[in-house]
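Here is a walk through a protein model for someone meeting it for the first time. Keep the view open and turn it as you read.

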Amino acid sequence: MNQLDQSKKSDLLSLSFEELQALVISIGEPKYRAEQIFPQIHRGISPDEMSNLGKKTKEALASVSFFYLPTVRRKLVSALDGTVKYLFSLRDGHSVESVVMRYKHGITICISSQVGCRMGCAFCASTIGGKVRDLAPSEMLGQIIAAERDLGERISGIVMMGIGEPLDNYDNVLKFLRLVGHEKGLNIGYRHISLSTCGLVDKIARLAKEELPITLSISLHASDNETRSAIMPINKKWSVEQLLDACRDYYAVTGRRISFEYTLIAGKNDSPENALHLAKTLNAHLRTKGADSSFPIHVNLIPVNPVTETGFSASDKNAIAKFASVLEKKGIRATVRRRLGSDINASCGQLRRAEEAKETE
Ligand code: SAH
């Protein structure tokens, strides 16, 4: 089957339960087939392998739809903490990264939402080649399903912090979120899902109305507009103030806490003055009027992961500790992100770049 033929067919794993019901009805099958098919495809079983479908049903289904899971192109396992980094191949030969992290309370996967990224953050490897394309809902789900099958273990949490800007692929990401939380599918609780964004203010406002109790993570990285615009081009469109207003509204509507990511880059955004400015700005915008004084502000400090092309280096331990203590003194909880999988370079989009460079050599 070539790709052209497949493009006219429905991507089974991207269909909502209701869309799958409509599809089975359209091929003359009873509606209850959807009940049989949906849970199995969400466990990575292709219709061909389903023992409760007859040959005729399988053929009819194959004539209108396709099922595809990402395949493992590379897999790195950390000898330090068991973190696993996957480079997955997609149907069209592009690849994305996912990272599986082991915590006491369960296994969390960090997934990608796009092939590449167009946000242009100065420190980030994923954006260097620009955006290639958006991922379909099936390709986001597929990263989880393929990892579960490879590991033989269940995944209980998701962070959307891999390659891509999830809110720049809004409709597919929303469909993915509804699928992954579906009781007949993977059924992962929304409280165990975080979505990280560089700050697409209009989309944050839209997300607030979706009634999805996920955790929002904001990649802030600087609190003054000059510094933030220099390292994050999105800040030229929406300023720090607009972003924080959107965060305040998000909390007011959802009641869900927001965490702020702050990547520390030596000499750029890591001085005690930067920390004080950050604390004052967060307090001023989020904890202004009486009712807001309880706004739970949590800052995650992350030493920048050096990317060859960017020339940035990480702040030293003392600078990080000082930064955290300035925040704490102003009533802001700060934690320094524990680096999992540091021996396999788990936390950046460099594996995809390295592999794709090999191919074009
Ligand atoms: N586009 C989304 C999600 C992907 S990036 C976002 O911007 O939030 C996930 C997180 O990794 C973001 O906080 C991002 O700023 C951070 N990040 C990217 N490159 C990094 C690097 N080299 N070192 C440390 N953190 C980095």
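The buried residues of helix α3 pack against four other helices: α2 (17-26), α4 (55-64), α5 (137-151) and α6. This is a predicted model, so keep that in mind as you look around. Helix α3 itself covers residues 33-41 and is mostly covered, with seven of its nine residues buried. If you want to pick them out, they are R33, A34, Q36, I37, F38, Q40 and I41.

Now turn to the sheet. Ten strands make it up, and it is an open one with mixed pairing. Going across, you meet them in the order β3-β4-β5-β6-β9-β10-β11-β12-β13-β14. At the edges sit β3 (71-77) and β14 (333-336), each of which pairs on one side only. From one strand to the next, the twist averages 20°.

Let's stop at strand β5, which spans residues 95-103. Why can we call β5 largely enclosed by the rest of the structure? Because seven of its nine residues are buried. On one side, β5 pairs with strand β4 (residues 84-89) in the antiparallel sense, over six bridges. One pair to look for there is K85 with its bridge partner in β5, V99. The two strands form a hairpin with five residues between them, and in that hairpin G93 takes a positive phi near 90°.

Strand β5 also pairs with strand β6 (residues 106-110), again in the antiparallel sense, this time over five bridges. Here R102 stands opposite I107 of β6. These two strands make a hairpin as well, with two residues between them.

Further along the sheet, the direction of pairing changes. Strand β9 (residues 157-160) and strand β10 (residues 193-197) run parallel and are joined by three bridges. To see them lined up, find M160, which stands opposite L195 in β10. Further on again, helix α10 (residues 240-254) lies across β11 (215-219) and β12 (258-264). The helix runs at about 150° to β12.

A couple of backbone angles deserve a look next. Most residues other than glycine have a negative phi. N187 is not a glycine, yet its phi is positive, at about 55°. You'll find N187 in the loop between α6 (170-180) and β10. H221 is another residue other than glycine with a positive phi, near 65°. Its place is the loop between β11 and α8 (225-231).

Are these two residues buried or exposed, or somewhere in between? N187 counts as partly exposed because its relative accessibility is 46%, which falls between the 20% and 50% cut-offs. H221 has a relative accessibility of 4%, under the 20% limit, so it counts as buried.

Finally, what about empty space inside? Rolling a probe the size of a water molecule over the atoms shows where such space is left. A search of the whole structure turns up one cavity of 30 Å³ or more, and about 30 Å³ of space lies in the largest cavity. Which residues line the largest cavity? They are A222, S223, D224, T227, Y262, N269, N274 and H277. Sorted by class, this lining has two nonpolar, five polar and one charged residues.

Notes. Residues numbered from 1 in each chain as written. Predicted model: local features only at pLDDT ≥ 70, side-chain atom pairs only at ≥ 80, totals over all residues. Heavy atoms only, no water. Pairing = 2+ DSSP bridges. Axes fitted to C-alpha atoms, helices over the stretch in contact; angles between N-to-C directions. Contact = heavy atoms within 4.5 Å. 1 Å grid on protein atoms, 1.4 Å probe; cavity = no way out; pocket = protein on both sides within 12 Å on 5 of 7 lines; lining within 4 Å. Points joined across faces, edges and corners; volume = space filled by probe spheres on them. Nonpolar A, V, L, I, M, F, W, Y, C, P; charged D, E, K, R; others polar. Buried < 20%, exposed > 50% of the residue type's maximum accessible area, 1.4 Å probe, protein only.
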